[in-house]
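Open the model in your viewer and keep the sequence panel beside it. This tour goes stop by stop, telling you what to select and what to look for.

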Amino acid sequence: MALWTDGNVFVVATGWGVARCIDGEASVYRFSLSGLRRDQDPPFLSSFVMLDAQGQRALLRRNRDTPLIWTDGEGGGAVAPCEAKGVVDFAAAPGGPLVALTAEEAPGKRSRMLLRAAQLEGDRLVLGEEVRITEAPRLEWTSAAPRQGGGWPEDWSEDEQETDMPPFDPLALNAQSIGEWGPWWRGGVRLSANRFGIGVSTTYSGIVAVLDPKTLQPRLTARVPIDREHLEVFVLPVPSGALITLVANLRHTEFIFVDEAGTVRAIRHQFGEELAWGSESPGFAWDEETALVSQTHSDDHIQALTLPALSARRFSREPGFLIDGGSTPDGSVHLLARTDRHYRRPHNWRLERWERKDGRFVASEVEMPDFRRSSAPPTPPALPRVDGTPAIGVAGDHSTRWCARIGATTTLRLQVNNHGGVANGLWVELGGAAIVERYVTVEAVALEDGTTSTPCVLRGSVARAELPEVTLEAGFAVPARAPYGEPMPLQPSLTLLLRVRAERLGQALMTVRIGPRGGVSTTGSGMVGRSFMIVEQEDE
């Protein structure tokens, strides 16, 4: 995905669509899902460059698709194809010139990938001069990450060399080989950009580079060791050099800070007693001296690294790893997107706007645009309803944070569905240490549509509310083997709102059980439980 903001307007671009948001209103363009299965995700967004200062026109590309020019307008705007022959990727710093990654075939040689200056003329991406990397010295440091092989392909023995490869060039970004199934690229090249420059990395030769955001001339070039295993290399441009992230097998992660002279100034492979794990992105340049990176070892969260020392602290108490970020040119406003690693579709992302006020950053949540298909789904097949005892299911809404400042009231959203017989009335019980030890008090339970609201009464170790007027229809009797390709009807459901007040600092388990009235004990009920956190103040 990609995020862009000028402080008031922000643009969110994903493989699902592009949205421009201002004053709480979103203009959303959704890509066609024609030809995709209902459970199939569209191609991911691989390239994005904003073309104007108002956030109304952008050049983008989804994985392996034709580049497109998006223009905002009525009904979400429109996209038009962009002619870009031979262009594999492109990037630009905000307001800066474009650089394109191209696949070109030299006379008598196999295809290679090159960097070229580029310019959009009408609906064509016109290529200019090559951006040459003329030197790239090896970076040497003592690595704690697991490695396989020597790391420098030019030093490999004849037995280690791949026979179908052209002669290795340590200054090449990528080279094509001819295998049994046809031509293929030996490595992968990544471009990333922010207000400090354009980052370039490749797993073919290990080149890492930072291009000047205005001239596209290399400001830093070096090489990192490339091992013969699944390795990802990311470059985050910063004013004093680059933060390089190496991720082996999507897990073991190592951060290296390199200054503009090509000197390794610091490395980090742990956060406390945990290994650095699964970073999966270049990170985000918060300011000239701070970078944000993801950590996913025991939980998903963001770490803040100081530059150049790479000392680390947890960025905030909020869970979720970093999807992407965008900043104003002066860095006074940031827009961050984060989510849990098991909830990667855009409607699960949380957007945070951070604005500098009186010398500190203050965070506020902004609504994430909804890119899900707006057309009505196919009519599901008619299925019989279930007879007998209700079977209530409860799940916490992923957008709800079970966290509040002390003394504040927050609202939790719960999704309630019924897989059994009709439920005439519901009861709600909240328990756990959070209730027993008075970390929170429950003020009311209500339906999201506002038609029903009732207070909670504390009875021993639980807070209970009765909702006699709420009805959940009987669930559908879904067959054990549903016909392939036929959508099943959604079970009857509703959304409950719980208003709770934070009373004590700390963290404790809170459970919510919801069941049908008239049943025996907890028969037919469902429960969800999470740790509820009460903090003293908002995170900076």
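Which loop holds Asn249? Select the loop between β20 (241-248) and β21 (252-259), and Asn249 is in it. Keep in mind throughout that this is a predicted model.

**Stop 1: Asn249**

Look at the backbone here. Phi of Asn249 is near 55 degrees, which is a positive value in a residue other than glycine. Most residues other than glycine have a negative phi. Now turn on the surface. Asn249 has 31% relative accessibility, so it counts as partly exposed.

**Stop 2: Ser521**

Go to the loop between β42 (506-516) and β43 (526-535), where Ser521 lies. Its backbone is worth a check: phi of Ser521 is near 55 degrees, again positive in a residue that is not glycine. Is Ser521 buried or exposed? Ser521 is exposed, with a relative accessible area of 60%. The cut-off for exposed is over 50%.

**Stop 3: the whole chain**

Zoom out and show the cartoon. The protein chain has one helix and 43 strands. Its radius of gyration is 27 Å, close to the 24 Å from the globule rule for 540 residues, so the chain is as compact as a globular protein of that length. Along the principal axes, the C-alpha trace spans about 80 × 50 × 50 Å.

Switch to a surface view. The accessible surface comes to about 25,900 Å², and carbon and sulfur atoms hold 47% of it. Of the 540 residues, 48% are buried. Contacts also reach along the sequence: among those with a separation of 6 or more, 56% join residues 24 or more positions apart.

Colour by charge next. You should find 55 positive and 69 negative side chains. The centres of the two sets lie 3 Å apart.

**Stop 4: two hairpins**

Select residues 111-121 and 124-130. These are strands β11 and β12, which run antiparallel and are joined by five bridges. Find Leu120; what is its bridge partner in β12? The partner is Leu125. The two strands form a hairpin with two residues between them. Gly122 sits in the turn, with a positive phi of about 65 degrees.

Now move to residues 284-287 and 290-295, strands β25 and β26. This pair is antiparallel too, over three bridges. Phe284 stands opposite Leu292 in β26. Two residues separate β25 from β26 in this hairpin.

While the side chains are displayed, keep a rule in mind. In a regular strand the side chains alternate between the two faces of the sheet.

**Stop 5: a cis peptide bond**

Select Leu307 and Pro308. The peptide bond between them is cis, with omega near 5 degrees. Most peptide bonds are trans. Where is Pro308 placed? Pro308 belongs to the loop between β27 (301-306) and β28 (312-314).

**Stop 6: Val224**

Select Val224, in the loop between β18 (218-223) and β19 (231-238). Is Val224 buried or exposed? Val224 is buried, at a relative accessible area of 1%. Residues count as buried under 20%.

Show what surrounds Val224. Leaving out residues up to four places away in sequence, Val224 touches Leu139, Trp141, Trp152, Ser205, Gly206, Val208, Val233, Ile244 and Leu246. For a sense of scale, draw a distance to Leu494. The C-alpha atoms of Val224 and Leu494 are 53 Å apart, with 270 residues separating them along the chain.

**Stop 7: strand β33**

Select residues 392-396. Four of the five residues of this strand, β33, are buried, so the strand is largely enclosed by the rest of the structure. Add residues 409-418, which form β35. β33 and β35 pair in the antiparallel sense over five bridges. Ile392 stands opposite Asn418 in β35.

**Stop 8: Pro455**

Finish at strand β38 (residues 453-455), which contains Pro455. Pro455 has 54% relative accessibility, so it counts as exposed. Which residues does Pro455 touch, not counting those up to four places away in sequence? They are Glu443, Ala444, Arg464 and Ala465. Draw one last distance, to Ser316. Pro455 and Ser316 are 139 residues apart along the chain, and their C-alpha atoms are separated by 33 Å.

How values were computed:
Residues are numbered from 1 along each chain as its sequence is written. This is a predicted model: local features need pLDDT of at least 70, side-chain atom pairs count only at pLDDT 80 or more; totals for chains, interfaces and linings use all residues. Side-chain values use heavy atoms; hydrogens and water are left out. Two strands pair if DSSP finds at least two bridges between them. The radius of gyration is taken over C-alpha atoms; the globule rule is 2.2 Å times the number of residues to the power 0.38. Buried means under 20% relative accessible area, exposed over 50%, partly exposed in between (1.4 Å probe, protein chains only). Contact means heavy atoms within 4.5 Å. Accessible areas come from the Shrake-Rupley method with a 1.4 Å probe; for residues, only the protein chains shown count as cover. Lys and Arg count as positive and Asp and Glu as negative; His and the chain ends are not counted. The place of a charge is taken as NZ of Lys, CZ of Arg, CG of Asp or CD of Glu.
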